[in-house]
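Got the viewer open? Follow along and select each stop as we go.

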There are 2 protein chains.
Amino acid sequence: MSPTSSAPVPDQPATPPRTTPGNQAPGRPAPDSTRRSERSRRAIYDAALALVGEVGYPRTTIEAIASRAGVGKQTIYRWWTSKGEVLLEAFLDLSQRAAEELGEEWVFPDTGDLAADLKLVLRATVDEMLDPRFEAPARALAAQGVVDEQLGRTFVTQLLEPQLQLYVERLKSAQEQGQVRRDVDPRIALELFVSPLAQRWLQRSGPLTHEYTDTLVDYALGGLSPR
Amino acid sequence: MSPTSSAPVPDQPATPPRTTPGNQAPGRPAPDSTRRSERSRRAIYDAALALVGEVGYPRTTIEAIASRAGVGKQTIYRWWTSKGEVLLEAFLDLSQRAAEELGEEWVFPDTGDLAADLKLVLRATVDEMLDPRFEAPARALAAQGVVDEQLGRTFVTQLLEPQLQLYVERLKSAQEQGQVRRDVDPRIALELFVSPLAQRWLQRSGPLTHEYTDTLVDYALGGLSPR
DNA sequence: TGGAGAACGAGACGATACGTCTCGACTCCC
DNA sequence: GGGAGTCGAGACGTATCGTCTCGTTCTCCA
């Protein structure tokens, strides 16, 4: 997934360290999040991301994460229910930090030329998809989300939809400027260029190049039928 | 993935039972495929598909497949290297049998009305994506393919690309009839409606309806810009 | 028709990793 | 300064892994 898991992450309500353990199953007394060790949390994120990059998702075990982070296993089980959940949070955290590096507020460009703006953003997305720092964890999460419905929904809601919303707003602006038909639903329209890119990335069903995304934008805006 | 993993599978060279064990690593003497037990092979396919549907991919273990199929574990390890590979073959086999049920040769409709033909096929694909018989294994394979490059390439090559090729041919026909611009690359063009559908299915990022796919076709053919 | 050889079903085996649990050390708050 | 709760560490029983024997069954060829 993550058609655009990439592209600098904008505001996003800055998910706080997370107060509720996923592990809030009945029976167990809820752990006290105010006493949680920030140091351990960070170390676990780092270890999880590093391991996924180095040995792949299947061999990224809870025990390996704990050992690498210099942390007891119970500290992981206390706050998370699965390694997918750990990795999702680690990745969300990584995205946020990356976004902060990029300056206060990143906004979707709006030069008045829709095609140019879309091409610019999609080119940046391609670059990010090829960034090895993101590749491994993003793929692992996407795969997990396909199979694990709850994780998938969190992934989509927290990471994907906020991204897509930026496209929606840019397309609405284009509608006001008369560059996009008024009767078009922006939430569907954006899928014409975002989904093919995401799909190629996930399935490796074709090369990811700037020319490719430029072409997608041209086809989507101009249509396949003769004009 | 499998944007169109569905849609009746056409000819396809009818992958024979598979002669080489994936397990053809060095050292081990290659097993003699002519003496292979057809009965066991079928039982393993059935068990694998059933288990994935019942308990999900992660809990579909090799041991469970062997036990359910009434087969020794070694019989599985002799012919396959991983459960992903087992499931992929089982699913390919299922697709082929489903295709055969559908009559000799299924061909992409070509009534001369491209929009109508595409809508028809995409509606059928939606229906198939919602068929529980396909859902579980298809999701599991898609997820595995995202993370396991070799499996993913096999999945794309054997299952996906043959499907997509049908769209390519239909689009070329439309180009000859003047319904699609000549300068359009059909392999990319098809992604405008196929990928969004696949993406929604995989990510559960929106409802899968006939109206949705109809809209995709309209947007892709007509373009988003005012005409 | 009978023997050889390979695949077969069954399951024992050591190696992980699972998730739970207990322990003493530490830290924060009353 | 005492209590409660998290922490690192690791022992524990269970489950699955992939490999490895066992006899048995099947098939081909002499």
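A helix's expected span is 1.5 Å times one less than its number of residues. Keep that in mind for the first stop, and remember that this is a predicted model.

Start with α6 of chain A, residues 132-147. This helix has 16 residues and runs 23 Å from its first C-alpha to its last, close to the 22 Å expected. Now show the side chain of Asp131(A), which caps the N-terminal end of α6(A). One of its side-chain oxygens sits 2.7 Å from the backbone nitrogen of Arg133(A). Next, colour α6(A) by burial: the buried residues include Phe134(A), Pro137(A), Arg139(A), Leu141(A) and Val146(A).

On to the DNA. Select DNA strand C and the protein around it: you should pick up 20 residues, with Arg35(A), Lys73(A), Tyr77(A), Asp32(B) and Arg35(B) the closest. Of the strand C atoms that come within 4 Å of the protein, 61% belong to sugar and phosphate. Colour that protein surface by class and you get 8 charged, 7 polar and 5 nonpolar residues.

Which helix gives the most to the surface near DNA strand C? Select α3(B), which supplies 4 residues. In chain A, α2 (62-69) and α3 (73-79) each put in at least two.

Last stop: the phosphates of DNA strand C. Zoom in on Thr75(B), where a side-chain N or O atom is 2.8 Å from a phosphate oxygen. Then try Ser40(B), with its side-chain N or O atom 2.9 Å from a phosphate oxygen. Finish at Arg78(B), which places a polar side-chain atom 3.0 Å from a phosphate oxygen of the strand.

Definitions and conventions. Residues numbered from 1 in each chain as written. Chains lettered and ligands numbered in written order. Predicted model: local features only at pLDDT ≥ 70, side-chain atom pairs only at ≥ 80, totals over all residues. Heavy atoms only, no water. Near = heavy atom within 4 Å. Polar contact = N/O pair within 3.5 Å; in protein donor to acceptor, adjacent residues only side chain to side chain. Nonpolar A, V, L, I, M, F, W, Y, C, P; charged D, E, K, R; others polar. Buried < 20%, exposed > 50% of the residue type's maximum accessible area, 1.4 Å probe, protein only.
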